[in-house]
Amino acid sequence: PETAIGTGPADIKEYVDFVLSDLFNLHDLISDRMVDLISATDDECVVVTNVINKVRVDKKFNPQGKCFIAPSHSSMHYSVKEGFKVKSIAVFYYKPALKLLFGDHFNTNEVRDDVCNIIQSSCQETWKFNNLTMDTCRSKYDGLPAISEDAYLDGNSKGCRIIHSRFARINPDHCAHLSFEPEEDSKGRIKCQESIGQQFQDFFSEYELESFQKMSHEWGFDETMIKPCEYEDEPRVLPKPAKNNKMKDSNPTLLMNDYEFQVYMCWILYVTMELAGLGMEYLVWRIMLAGNWCKKKQDYWKVAQFVFPLATATGLGLAVSGNSLALPVIVLSLWKVGFPETIMCYYMALYEKRNSNLERLADFLDGIGTAVHHSSAAMYTCMLVTHVLPANKYTLACPLPLVAQHWVVLLRYNHKNVYAVLVTAIEIWWEWTTFSIIEQVHEYHWMGGMTTFAMLFAHWCYFIAGILGLFIKKDEDEDILGGRLTAAVGNNFNRFSTLAYKRTTALGRVSTFAPSPPGQQRVSVQGKSIKELMMSAVEEDEEQDAKEE
């Protein structure tokens, strides 16, 4: 039943702070806050909070010392398009708890006298308006019902005046609400005279009400939703004001609102994913793939590609639910368990002089596309996990076709034409989808729009590299991992891996990274950069090839 409707933070705070008034010796939570996401649409999301309250009435107002335990619930509606601003908050108390509190525990002479004293001392205009004396005030108050039969607290009752008496001591606008005769406040409103008569269903959906009851029953409450408790005769303890600490809240991150902090957290998680992915590529390259490429490593690579769509779909599902396990799953899937796609592409473009300039340009574009693709996917995942982006049809429409695009990845080894047709068809569907949703995703947050466009840019790099690949003459053994159109590992992994091993050996001779091969003496070379040493190793390779020819 409705108590009041407040507009704006100040109004809402007054009603929330009622439980902190001197009427209570204690009104505290004795459970964790159970928070559930009830619904999420394009326009708003609804979050409910469930708690158990321990209520102890101060003996000043009820000498018998009353105490009970009861659950309460709240529903918060957030506007998605306005940056998750709170549109409304509704608090739910069960009828038996309200009737017990206002109809029994507060229905005392001590509370009555306190209300009349507040009218007399803090609301003198209202006192005069009603022609009151202390006796007539008590008489009029006693003639009111404690609370309506339906547990309304906005009608002509003691309960309504008890609530507004706590507000009136601070805010004189509530004085008119204590009047026994209809009296307008400064905003022209008349309260505590006739109930608006709104029902639970005006504020909560049937699903929310059912979830409230289910949670309360799980906590062990029966249909009354009340449990008695022993009154512990302890003085009311209010939080002490904090000492003046110049360092308190001085960090800039603490000046952010909650949504800004989510964005900050998103960037931290993103950088972590990037470092983990590239670091994993380097380690796998150095530990597993140095030396000649072989069939066993080829099989490992195929397995990594095969499980990619399942791993990515799993990571996406975890991200939608805000589960941080999405981060390692996406890192392992994007960076193919460490197979060095990104490093390989740049390495081939920069150091493989035996390739034509056109071929090295294609490698470079593949490298840019792969780096941007993985970075965009990692950022998008972080935005979903931290709820910078809501999980709905607009934000999920973009990654789903990309998962589907990898269903057919193994076809490129034996059915290249079929593979090319299927991948191109899914690519067209994905780009159509992306252009349809990019504006909406950008409205949620500019990072969402930027990341989506970056993914488009990555695919265009792949496409241009693929077109260039059509004009590149390939050796018969260069297709060991699929053509350039795959934009994944590339054509020259065998040559790349062999070169990588040679570079590692060369670097080993200058006291870096890898140990020297058996029987080879380590030589310290001073004054040369790593790049110069790399290029020297390339020249040595070319001279050796010329001699062999």
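## Helix packing and local features in a predicted model

At 41% relative accessibility, His387 counts as partly exposed, because this class lies between the 20% limit for buried and the 50% limit for exposed residues. The model in which His387 sits is a predicted one, and the values that follow are all computed from it. His387 is placed in the loop between α13 and α14, the latter covering residues 393-396, and although His387 is not a glycine, its phi is positive, at about 65°.

A second residue with a comparable backbone feature is Lys336, whose phi is near 45°, again a positive value in a residue other than glycine. Lys336 belongs to the loop between α11 (326-334) and α12 (341-351). With a relative accessibility of 6%, Lys336 counts as buried, since it falls under the 20% cut-off.

The helix that precedes the loop of His387, α13, is also part of a helix pair. Helix α13 (residues 357-385) packs against helix α17 (residues 446-469) at an angle of about 155°, and their axes are 8 Å apart. Because angles over 145 degrees count as roughly antiparallel, α13 is roughly antiparallel to α17. Sorted by class, the residues in the contact of α13 with α17 are 20 nonpolar, eight polar and one charged. The crossing of these two helices, α13 and α17, is left-handed.

Helix α3 (residues 109-122) takes part in two further packings, one with helix α5 (residues 134-142) and one with helix α6 (residues 158-168). The three pairs are set out below.

| Helix pair | Angle | Axis separation | Handedness of crossing |
|---|---|---|---|
| α13 and α17 | about 155° | 8 Å | left-handed |
| α3 and α5 | about 125° | 10 Å | right-handed |
| α3 and α6 | roughly 40° | within 10 Å | left-handed |

At an angle of about 125° between them, α3 and α5 are in the oblique class, because this value lies neither in the range of 65 to 115 degrees nor over 145. The axes of α3 and α6 cross at roughly 40°, and α3 and α6 are therefore oblique to each other as well, given that only angles under 35 degrees would count as roughly parallel.

Helix α9 (residues 295-306) can be examined for its length and for how its residues are distributed about the axis. The 12 residues of α9, at 1.5 Å a residue, should span 16 Å, and this agrees with the 16 Å that separates its end C-alpha atoms. Which residues of α9 are buried? They are Lys297, Gln298, Trp301, Ala304 and Gln305. Viewed down the axis of α9, these buried residues fall within an arc of 120°, so they line one face of the helix. Lys295, Lys296 and Phe306, by contrast, are exposed on the other side of α9.

Finally, Gln440 is found in helix α16, which covers residues 416-444. Its relative accessibility of 14% is under the 20% cut-off, and Gln440 therefore counts as buried. Gln440 and Lys81 are 359 residues apart along the chain, yet their C-alpha atoms are separated by 9.2 Å.

How values were computed. Residues are numbered from 1 along each chain as its sequence is written. This is a predicted model: local features need pLDDT of at least 70, side-chain atom pairs count only at pLDDT 80 or more; totals for chains, interfaces and linings use all residues. Side-chain values use heavy atoms; hydrogens and water are left out. Axes are lines fitted to C-alpha atoms, for helices over the stretch in contact, and angles run from 0 to 180 degrees between N-to-C directions. Helices (H or I, at least four residues) and strands (E, at least two) are DSSP runs, numbered from the N terminus. A crossing is left-handed if the near helix is turned anticlockwise from the far one by less than a right angle, and right-handed if clockwise. Ala, Val, Leu, Ile, Met, Phe, Trp, Tyr, Cys and Pro count as nonpolar, Asp, Glu, Lys and Arg as charged, and the others, Gly among them, as polar. The expected span of a helix is 1.5 Å times one less than its number of residues. Buried means under 20% relative accessible area, exposed over 50%, partly exposed in between (1.4 Å probe, protein chains only). The arc is that of the directions from the helix axis to the C-beta atoms.
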